[in-house]
Amino acid sequence: MNVRFSSINAIKADFSDIYASDDPRDYFKVLGKLNYVIPQLAAPVLLQLAERLIEIKGRPITILDVGCSYGLLSATARLGLSISQLCARYEAEPIQALDPQRLASFDAKYFASWPKRPDIRFIGLDCSPQAISYALTVGLIEKGLVIDLETNAPDGNARSLISQADLIISTGAVGYISEKTFSKLLQAFPAGKSAWVASFVLRMFDYAKIAKTLHEHGLETERLNDVTFVQRRFQDRSELCSAIDLIKSRGLDPSGKEDEGFYHAELFLSRPTNEVRKASLSRIVSVDCDNAAEQLLEIASNEFHRDLH
Ligand SMILES: C[S@@+](CC[C@H](N)C(=O)[O-])C[C@H]1O[C@@H](n2cnc3c(N)ncnc32)[C@H](O)[C@@H]1O
C-alpha cells in the first residue's frame, strides 16, 4: 500500500477481523453499530452510471466492485435492500444460531427471492477469500477474484476477468488500495479498451495520484462538487480528532460534516475524455440529498449514539 495512505488509514479503527470471517454477521454487527451506510448511499449513483453505460453500449454491463467484501453494494444497488434490513436480518436470534454454511444456504435463497436486474452483472474483487467465497455462494456476485493488487500482479485469469468490466467501482476501499491497484486494473485491458472508474473516497485521502494514474490510461477524472456521502460514524473521539486534523491539513473545512461525527466521502468518476465532453459528471449523476439524509436518520435511529464531543 502507498505509505501515505497506510499512515492515514492507521487512524481508522482496524476491522481486519470482520473482513475475514466466513460470513457477514460480524461485519454487520460492528459496522452496523457505526452506521456504516456508504454502499446504500452509493447505490443510486451506481444505478445512474449503469443506465448511462447500458445506453452507450446497447447491452447489459459488468461492474467490477473492488474491495467488495461480502457483496453489500450489489445487495443495495441491484436488489434494493437497505442496510437496516440487512442488519436486522443478521442480528435476529435464529440467524445468529446458524453455522456459516447453513447461513450461506439460507442467504442464497433470501437474495434469490428479490427481483434482480438482468442487465447488471457483478464481479467482486477482494483480498479476503472468505468474503469472496460468501458473496459468490449467496449469488451477490457472479464472479469473484481473490487478490491483493497492492502487492501482487494479476495472472492471466485475473486479467481476463478484470477486462470484462465496463465500470470499476469502490466504496470504503481507497486507503486500503492505492494507485498501484488502479494501475494494475487498467493494465489488464487490451489496447483501446477501458472501463469507467467510480470511487467513493474519504475526504482525508488525496485522490490526485490515482487520478494521475487513470489519466495515463486515457481517463479524465471529475469530482462531484457540492455533495459528500456519509460513510460511517466515528468509532470514538480519537478517530474523530485525527480525521478532523487530516481534513484541515488538506485545506478542507470539517464544519457540518466530519465535526458532526461522521466520515464523509467524495465521488470521483474517471471516463474517456470524449465521454466527459458529451456530458459532465453533474449532468449524468444527481443526488437526492434529502432522501440521503432521511436514509441516514433511519439507520442512525436504529442504533445507539455515542457522545463524541
Ligand atoms: C471497509 S471494507 C468495504 C467493503 C465494501 N466495499 C463496502 O462498502 O461494504 C474494505 C474492504 O477492502 C478489502 N481490502 C483491503 N485491502 C485490500 C486490497 N489491498 N485489495 C483488495 N481488497 C482489499 C477488505 O478485505 C474489505 O473487504
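Student: What makes the backbone of Gly67 and the ligand a polar contact?
Tutor: In this predicted model, a backbone N or O atom of Gly67 is 2.7 Å from a nitrogen atom of the ligand. The cut-off for a pair of N or O atoms is 3.5 Å, so the pair is a polar contact.

Student: How do you know that Cys127 makes a polar contact with the ligand?
Tutor: The distance from a backbone N or O atom of Cys127 to a ligand nitrogen is 3.3 Å. That is within 3.5 Å, so this pair counts too. The side chain of Tyr36 also takes part: one of its N or O atoms lies 2.6 Å from an oxygen atom of the ligand.

Student: How much of the accessible area of the ligand does the protein cover?
Tutor: On its own the ligand has 600 Å² of accessible area, and the protein covers 95% of this. The ligand takes up the space of the largest pocket.

Student: Which residues are closest to the ligand, and how many surround it?
Tutor: The ligand is surrounded by 18 residues, with Tyr27, Tyr36, Gly67, Asp126 and Thr171 the closest. By class, the shell has eleven nonpolar, four polar and three charged residues.

Student: Why is Cys127 not in a disulfide?
Tutor: The closest cysteine sulfur, that of Cys68, is 9.9 Å from the sulfur of Cys127. A disulfide needs two sulfur atoms within 2.5 Å, so this pair is too far apart for a bond. The structure has zero disulfides.

Student: Why is Cys241 called partly exposed?
Tutor: Its relative accessible area is 30%. Buried means under 20% and exposed over 50%, so Cys241 falls in between.

Terms used. Residues are numbered from 1 along each chain as its sequence is written. This is a predicted model: local features need pLDDT of at least 70, side-chain atom pairs count only at pLDDT 80 or more; totals for chains, interfaces and linings use all residues. Side-chain values use heavy atoms; hydrogens and water are left out. A residue is near a molecule or strand if one of its heavy atoms lies within 4 Å of it. A polar contact is a pair of N or O atoms within 3.5 Å; within protein, one must be able to donate a hydrogen and the other to accept it, and residues adjacent in sequence count only if both atoms are side-chain atoms. Accessible areas come from the Shrake-Rupley method with a 1.4 Å probe; for residues, only the protein chains shown count as cover. On a 1 Å grid over the protein atoms alone, a cavity is a set of points where a 1.4 Å probe fits but cannot get out, and a pocket is an open set with protein on both sides within 12 Å along at least five of seven lines; lining residues have an atom within 4 Å of a point. A molecule sits in a cavity or pocket if more than half of its atoms lie within 2 Å of its grid points. Ala, Val, Leu, Ile, Met, Phe, Trp, Tyr, Cys and Pro count as nonpolar, Asp, Glu, Lys and Arg as charged, and the others, Gly among them, as polar. Buried means under 20% relative accessible area, exposed over 50%, partly exposed in between (1.4 Å probe, protein chains only).
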